[in-house]
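Grab a coffee and work through a few short exercises on charged pairs, surface patches and a helix. Try each task before reading its solution.

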Amino acid sequence: MTFGRSKRSTGSCRFPAVRDAVDATSSGRVWLRLRRLARTPESPMSSHKLRTGSESGTALGSGAIAGDDNEVERLRRELAEVSRRLQESERRRIDAEARLATPDAHSTAVFDGLGDGIIIDRAIRDENGQIVDFLVEYANEAACRLSGLKPDEVVGHRTLELFPGRRENGQFEGCVRVVETGEPIVRHVGRDTDEPSQSDAEGYEHSFELSFAKLGDGYVATLHDVGARKRVEEELARSQQLLRLVIDTIPLRVFWKDRNGVFLGCNRAFALDAHKTDPDEIIGKTDYDLDWRQYADQYTADDRAFMEAGRPELGLEMPENREDGRRSWVRVNKVPLVDAGGQVVGMLLTVEDFTDRILAERALQESEAFLASILENIPSMVYVKDAKTLTFVRVNRATELTLGYTSEQLTSPDSRTLGPADESDYFARMDQRVVDTGQLMEFPLEVLTPPDGRPRYLRTKKVPLFDEQGKPKYVLGISDDITDRKLAEDARLQIEQRYRRIVDTITDYVVSVKIEDGRAIETSHGAGCVAVTGYTAEELTQDPGLWMSLVVPDDRAAAQEQVRLILAGESTEPLEHRIVRRDGAVRWVRDTPVIRTDAHGVRVAYDGVIQDITERRELEEQLIQSQKMEGIGRLAGGVAHDFNNLLTAVLGYAEMCKLDLPPELPDDHPARLDLQEVATAGERAATLTHQLLAFASRQVFAPARLDLNALVADSLKMLQRLLGDDIEIKTELAVGAGTVEADASQLQQVLVNLTVNARDAMPNGGRLFIETAQEIVGPDSARTHPGALPGPYVLLAVTDTGVGMNEEVRSHLFEPFFTTKGLGKGTGLGLATCHGIVRQMGGHILVYSEPGQGTTFRIYLPRKDGVADPIPLVAAHQPKPTGVETVLVVEDEPHVRQLAVLGLRAHGYAVLEAADGPEAIEIASRAGPLVDAIVSDVMMPGMSGPELLEKLAVVVTGARAVLMSGHAESAVLSPETAARYAFLPKPFTPERLARKVRQVLDET
């Protein structure tokens, strides 16, 4: 048989009855003594075989037994007792074997729980009593499992049927011999033997130690699987080898210690770190025995604290200093080792060196930072959008700057609401096209509007970024801000268009003339001739005499002389002359010859550069006229200033004389009438100087915010009385024309002067048109009108249907004392006054007139924002301005100073007088605090009035001041000075001076 894997000792028996019988036989002292006697050479039993049986006697052979008869008798008795015991033991053995042959339930449960296989076979004999086979009466679970058969396939079957090869391999004869002799046998079956191995149900090949022992009329076979232990040992060895391989393969340093810090084991990585080649070299050592002994105290303390705590410590990251000075990073896991009683007996540690990962992470961070720095500093917009939501995921700095929003705003979920809706929809559609097509797309020109409202122009490339499934996940956009380039291109296009327009209307062109033997043999005209002459180049080329016929007859001789000199080889200068265009307009041109010679210096041709200089000539004339008017204005202002000083004395003394007349003198007395005539003449003279100052823009100016439409409407009745009934006034006042900053009385004077001038131009009646409007004066228009500045203006236009005027009259129109009227019919200051008033208000005036076509005066006044100021009320009658304070009068004109002194004293004031600044300072230093007010002229030699008041401020503190001048306040005082001091224009009367002094003294 080839059963079993368990191993048993050869002569042992598992059943109590058999064991007792064997023990009774093998332990008898008689047997021991018989064996000793049998081994003694002298013993008569040594040559005889001792037989035992059922008989009560014993045969000792033919020889006599030496020794004592008593001893023999005693031995006989003992042998008889032994024989009896053997018979009893044999009987019990047969009973036990019978019981074993039919095991009970308890035995079956015990047998089934064994790991070894148990089989009980009963002999099958023929009629002669010979054993011919064995019948299996019992087989436990282990035997069935090891044989690979089921219980019903074993029990009740013959062994030779179950195992046909038993007779051939000798097992059957061995079993017969066990039954017949009762001697057990042991055989080895399986690997490493000649016996065939047995496979179980799982196909595993087993090696058995097979024991057979007699049991009744049969035997009990025990199968002990000796291969199981070998497999366990092999598995244990393989497991230990695999464990070692796993531990050594782990890229971590692994080691374990006992409570005393003694290393119990480690892997190869830890051993190599300790400069050991074999992990077994670490076993039994402590940290004090290894290369890191300088840290042993710290490690020992840490280990002790850890084992006392008894809790795992996982994922501890810490720096580690290497022997070569490098710094590394490790992650440590500590696990306590506990025994069955839960006591910590040691610790297991794993150490992971993740320095490479740290270095890689740092390198990655540095790389990402480097790439981010590049991305942030790229001047182009770089951004990423989500392919599903089409919203920003990431943007660089250029994107923020270009779009005008922060990164947080752009990457927010509602970023598509930041810009105009139409632009957001456009970009979304373009992004969706990239997602749908999955291809790179270029957009040469895109427009977006940042928060500042200034459009930006972009040139964009967009490319899809795919996920692992090949579907678009993001949209990468790269946009270049081409706004400056676009604007430059637009400007270039505008310049080109402008250039084309200029070429079409250019006022410069070239006439090329070939010369041969001092004669002009060929002439060609450039394309610009059309703008200058009105004729095409073909027309001028086909008719060589056409050009000269265009020259104004008065200038033709000079033009012909220039051509003669050029052909004669003589030098000539550029010539300015007039031509008559095809449309009849007269234009000024400048003809500049440029000589061309051959290699020998012979003249072969010349180019005449023809420039239309009409506008330049007009500007030069306007500049000359403006300079002339400025010179006349300065002269008129200076004369008017002197006149004002004289008129101050005339009017002042006339008033003083009136005060000196007896009260009872009648109004028609010659003396009173003469003084009235003197005063009237003085007032007329003052009016004349006022006009002169107005022309010179130096008259007294009291600006206010005026509604021009209201001013014109209020003046219509007065203007109609000046025009008479035969002239009709029509107005066209633009709604909301705007306000201007002007002196109302002076602006009315302008209207009056223009109305009177229009009346004189319409002796037989006509119509006068007054118009207001808003107009913007551009830079080009401002350059062509001296004194004009670009900006918004309010236009006041006055047009008559009169006789008009020619160019000669227009050129002198605003000169003072220029008039076309007869002697004694005009002063020639009316239009000059208008010119000065308008210029002082910051405006300018233009005139359009042709003989028989009427005249239009267009007045441009700077437009101001805001509402008009209210019209001031007429002041009520005021009492005589008297006082008792002390006033210091400083005036360099003696008669004006004397008048001021007399007038103030006449009104009760104590007066001190000085002829100039130094004298006034000397007087003030003596008078000290007695001076209550100072009246000073502005323009004085050596020291001006404002300078004097600055110096007197530290001498006579608290004194009030009044400045006097024959010029307008704005012409002689800075805004800061005008704001600090009161101003009194000349000429003035003593009463006006006294009233001004009283006014400043009464101010708080």
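The exercises below use this model, which is predicted.

**Exercise 1.** Work out which parts of the chain the salt bridge between Glu-317 and Arg-331 ties together.

*Solution.* Start with the contact: the side chains of Glu-317 and Arg-331 meet in a salt bridge, at 2.7 Å from N to O. Next, place the partners. Glu-317 sits in strand E10 (residues 313–321) and Arg-331 in strand E11 (residues 327–338), so the bridge ties together parts 14 residues apart in sequence. Now check the cover. Buried means under 20% relative accessible area, so Arg-331, at 16%, counts as buried. Glu-317 comes out at 45%, which is partly exposed.

**Exercise 2.** Find where Arg-357 and Glu-361 lie, and how many residues apart they are.

*Solution.* First, the pairing: Arg-357 forms a salt bridge with Glu-361, and the closest N and O atoms are 3.1 Å apart. Then look at the helix. Both residues belong to H12 (residues 355–377), with their positions 4 residues apart, or about one turn of the helix. Finally, accessibility: Arg-357 is partly exposed at 36%, and Glu-361 is partly exposed at 31%.

**Exercise 3.** Decide whether Arg-897 and Glu-913 are buried or partly exposed.

*Solution.* These two side chains also meet in a salt bridge, 3.3 Å from N to O. The pair links distant parts of the chain, with Arg-897 in helix H28 (residues 894–906) and Glu-913 in strand E31 (residues 910–914), 16 residues apart. At 14% relative accessibility, Arg-897 counts as buried. Glu-913, at 30%, counts as partly exposed. For the wider picture, the structure holds 33 salt bridges, and Lys-257, Asp-287 and Asp-303 are linked in a network of them.

**Exercise 4.** Pick out the residues that form a nonpolar patch and those that form a negative one on the surface.

*Solution.* Take the nonpolar patch to begin with: Leu-242, Leu-245 and Val-246 form it, with about 270 Å² of accessible area together. Val-246 is found in helix H9 (residues 226–249) and is partly exposed, at 41%. Turning to charge, Glu-618, Glu-807, Glu-808 and Glu-850 form a negative surface patch. Of these, Glu-808 can be located in helix H26 (residues 807–811).

**Exercise 5.** Compare the span of helix H33 with the expected one, then list its buried residues.

*Solution.* H33 runs over residues 990–1002 and has 13 residues. From first C-alpha to last it reaches 18 Å, close to the 18 Å expected at 1.5 Å a residue. Its buried residues are Pro-990, Leu-993, Ala-994, Lys-996, Val-997, Arg-998, Val-1000 and Leu-1001.

How values were computed. Residues are numbered from 1 along each chain as its sequence is written. This is a predicted model: local features need pLDDT of at least 70, side-chain atom pairs count only at pLDDT 80 or more; totals for chains, interfaces and linings use all residues. Side-chain values use heavy atoms; hydrogens and water are left out. Patches are made of residues with over 30% relative accessible area and no salt bridge: like charges are joined within 9 Å, nonpolar side chains (Val, Leu, Ile, Met, Phe, Trp, Tyr) within 5 Å. Accessible areas come from the Shrake-Rupley method with a 1.4 Å probe; for residues, only the protein chains shown count as cover. A salt bridge is a side-chain nitrogen of Lys or Arg within 4 Å of a carboxyl oxygen of Asp or Glu. Lys and Arg count as positive and Asp and Glu as negative; His and the chain ends are not counted. The place of a charge is taken as NZ of Lys, CZ of Arg, CG of Asp or CD of Glu. Helices (H or I, at least four residues) and strands (E, at least two) are DSSP runs, numbered from the N terminus. The expected span of a helix is 1.5 Å times one less than its number of residues. Buried means under 20% relative accessible area, exposed over 50%, partly exposed in between (1.4 Å probe, protein chains only).
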